[in-house]
Amino acid sequence: IVMSSVEVTDFVLKDAASGTLIFTGKTGDPVAHWSDNYPNVYQLDFTTVTTTGTYIIEAGGAQSPAFKIDTAKNLYSDLLANGLTYFQTQRDGADVPSGAFNRKPSHLTDQQAAVYEPLTYNIDGFLVGDLKAVDTPPVDVSGGWFDAGDHVKFVETSSFVTILMLIMVRDGADAYRDEARYGLDWLNKMWDSQTKTLYFQVGIGDGNGSTIEGDHDYWRLPESDDALQVKVGDPNYYIKYRPVLRSGEPGARISPNLAGRLTAAFALCYQVFRSTDPAYAETCLRDAQDIFDLADTNLPGRLLTTSPYVYYPEFQLADDMELGAAELYRVMLAGDLPDGLIHPDSNFYLSHAAAQASRYFNTADQDTFTLYDISALAHAEFYQALAISQASSDLQAALLQNMKNQLDRFATITPPFGQTLLSDVAAHAFGVSIQASLYDQLTQTDTYRDMQHQWLNWGLGANAWGSSFVVGAGATFPQCLHHPTANLSGSLDGTSTTAPLLLGATVNGPNDPQFFDNNEQPWDAQRPCPANGMDAFAAFNNYTWRYVDRVNSWPTVEPANDYTILSLMAFMRTLG
């Protein structure tokens, strides 16, 4: 892609090392208008060049970064491997690999965490009132992954990551097996199978600004929390002694989004570990069935995600429940099941999966595959289970049609920069790429092959800023992550010569300029990044979208677990 303030008619492709001319082409007419600075956007075509090598493009007096033409395996395998660096660095608890960042065990007080009711927040995002303790013994909620650039932990997002990671393992990415198990181990702690109690969050993100401080009030390495000398009543008491939040009384009905996701994660646990650790797998399966039966599919009011809800405002429930039922249906079909299951008949879960799929079909609030709408994955998993059982070709057709309808709506967003019309834009880009690939796999066609690659390309640099939004991918990627460990212990210049990079970390990318008005205040402990304080991407912004690679710019460069797992699954599906 070439962006230019003037007309450009020709381009050349050269060998990056020797400068040898490889290909000469015409730009054609502009395909888009981006901004006053860059009114002319051209999409170049050199499809006929297929020789493996490293190249540059010259056009309009400008030169591109060097790039490779190679096999998918050679281009994407390292990116897939980088994700382990990210998730291992995100680990909390006693079992933390030191790795390149010299991580230390953290939040060991989570081994004896006091239990509290969900928190209440006002419209301005401040905690209202004090925490309400539950008269119950402390629980062990240690381990798991930090959610993003902060150090709180959520079932909402961790279950999503664990589901995708387990599917990746089941489908061949065995290098992620231990990390998927790490996620499962924490989810097992958040579900008390003896009392039938679900805990959904560890830690407070935002306090009340005075008497109660939260995780977002401090910029520090996570292990520093353990060294705090605090007492009850101190503003930072809950930084060291982090509350675990309970979703309801023991045995109470569970918000269906959380129930569906946990069901799916535990059913996938059984699929992946039944042969290598049958006792662990059986525990997962029994928990999956219990949680599924406690789902409140007629929940009045909004779903439970996090406290505050605004962190992850999810609106769908049918997709989560469909996925949970589909994974249990798949387990039942495989047979050779443990004795004493409460629902050993596969038809029980077939009927529930079909009902929830139909419920989803009839909802107006539909999206493509992201953390907030997992219908594409649910449909694909249910379709494959139906193929195994040969139960209903009509239902399979309906599942495919719904996936296609979603993709066709996004097909009207024209390349190369049409993707920049969405919230959580990088997550949408990788999610659309995954969904396009899933549809083509199920139909054994290449209907959406171009869409799969266009949206993946956008996330890897084919965008108005010329930046990949995955650390370590491409020549230009985020250097100044809004992430304490990366900022305090890692590289600040995008190279690994003096300090490590948080490889694989995936950020949101561009965002609406309104999010920057009051959200770029630095913490005292932050290391300045970039060192000169300049906004290197300012010239490429327009009136609607802004991208800033600066440490305090969380709307654009805070990595998150859901973004990262989506990019990793997109890379894996590109490998075939």
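Helix α9 covers residues 375-389, and its length can be checked: at 1.5 Å a residue, its 15 residues should span 21 Å, and the end C-alpha atoms are indeed 21 Å apart, so the two agree. This is a predicted model.

Now look at what surrounds α9. The helix is mostly covered, with 12 of its 15 residues buried. The buried residues include S375, L377, H379, E381, F382 and Y383. Several other helices help to cover them. Among them are α2 (155-170), α7 (318-334) and α8 (346-361). The cover also includes α10 (393-411) and α11 (425-443). After α9 comes Q390. The phi of Q390 is positive, near 55°.

Two of those covering helices also meet each other. The axes of α8 and α10 come within 11 Å. They cross at roughly 35°, and the crossing is left-handed. From α8, the residues in this contact are A354, A357, Y360 and F361. They meet L395, A398, L399, N402 and Q406 of α10. By class, the contact has seven nonpolar residues, two polar ones and no charged ones.

Turn next to strand β2, residues 10-15, where D15 is found. Is D15 buried or exposed? Its relative accessibility is 23%, so D15 counts as partly exposed. Leaving aside residues up to four places away in sequence, D15 touches T20, I22, T54 and Y55. Y55 is 40 residues from D15 in sequence. In space, their C-alpha atoms are 4.6 Å apart. The side chain of D15 also has a polar atom 2.9 Å from the backbone nitrogen of S18.

Definitions and conventions
Residues are numbered from 1 along each chain as its sequence is written. This is a predicted model: local features need pLDDT of at least 70, side-chain atom pairs count only at pLDDT 80 or more; totals for chains, interfaces and linings use all residues. Side-chain values use heavy atoms; hydrogens and water are left out. Helices (H or I, at least four residues) and strands (E, at least two) are DSSP runs, numbered from the N terminus. The expected span of a helix is 1.5 Å times one less than its number of residues. Buried means under 20% relative accessible area, exposed over 50%, partly exposed in between (1.4 Å probe, protein chains only). Contact means heavy atoms within 4.5 Å. Axes are lines fitted to C-alpha atoms, for helices over the stretch in contact, and angles run from 0 to 180 degrees between N-to-C directions. A crossing is left-handed if the near helix is turned anticlockwise from the far one by less than a right angle, and right-handed if clockwise. Ala, Val, Leu, Ile, Met, Phe, Trp, Tyr, Cys and Pro count as nonpolar, Asp, Glu, Lys and Arg as charged, and the others, Gly among them, as polar. A polar contact is a pair of N or O atoms within 3.5 Å; within protein, one must be able to donate a hydrogen and the other to accept it, and residues adjacent in sequence count only if both atoms are side-chain atoms.
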